[in-house]
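Work through these exercises with the sequence and the 3D view side by side. Try each task before you read its solution.

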Amino acid sequence: MEFLAELHPKIVHFPIALFFTYSLFEAAGVLLKKEYLNKAALILLAIGIASGVLALITGNQAYAIADLWEQQGATIPFKAMQEHQDYATITMFYFTFLLVIRIYLALKKKFEGKIRYLIIILAFIGCYFVFLTGDYGGKLVYKHGVGTELIKPE
């Protein structure tokens, strides 16, 4: 389904924005001691993961299309695509793990003290994974022409 592959560049911006915004809300909620910001952070994280799943689905479809294009004679940078895919997978597992921890701490009413600051640090470490994923994705487009007419087979 080429349609899903074409959606990938548009959809990926949602988890990027949501994960960064989540991290900012997490920090603001703890530093300003505002419970509504902590709840908003948790919601942003959950929506970020949901949009990240859509990004993974469309990205996998884009990978499948690239595989078809290679069979038709196009030159596809699969090594660079694999690196992008690896960081995307790491990012999603990381933020999913963070969501599970965050929900557990909220339900057990243990989201307090030093644990809050640890979660902030973990959130911003996750942003680094988002950055790496986006960096590799950007190189695919701007260096290798993936997702453009430049590598499409004739």
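Three exercises follow, each with a worked solution.

This is a predicted model, in which local features need pLDDT of at least 70, side-chain atom pairs count only at pLDDT 80 or more, and totals for chains, interfaces and linings use all residues. Residues are numbered from 1 along each chain as its sequence is written, and side-chain values use heavy atoms, with hydrogens and water left out.

**Exercise 1.** Find which element has the lowest mean pLDDT and which the highest.

Step 1: pLDDT is the predictor's confidence in each residue, from 0 to 100. Step 2: The mean for the protein chain is 93, and 97% of its residues reach 70 or more. Step 3: Helix H1 (residues 2-11) has the lowest mean, 88, and H2 the highest, 98. Helices here are DSSP runs (H or I, at least four residues), numbered from the N terminus.

**Exercise 2.** Determine which helix gives the most to the largest nonpolar core.

Step 1: Such a core joins buried Ala, Val, Leu, Ile, Met, Phe, Trp, Tyr and Cys residues through side-chain atoms within 4.5 Å. Step 2: The largest core has 21 residues; Phe19, Tyr22 and Leu45 are among those touching the most other members. Step 3: H2 (13-31), H3 (35-71), H4 (78-107) and H5 (114-142) each supply at least two residues. Step 4: H4 gives the most, six residues.

**Exercise 3.** Decide whether Ala80 is buried or exposed.

Step 1: Locate Ala80 in helix H4. Step 2: Buried means under 20% relative accessible area, exposed over 50%, partly exposed in between (1.4 Å probe, protein chains only). Step 3: Ala80 has 15% relative accessibility, so Ala80 counts as buried.
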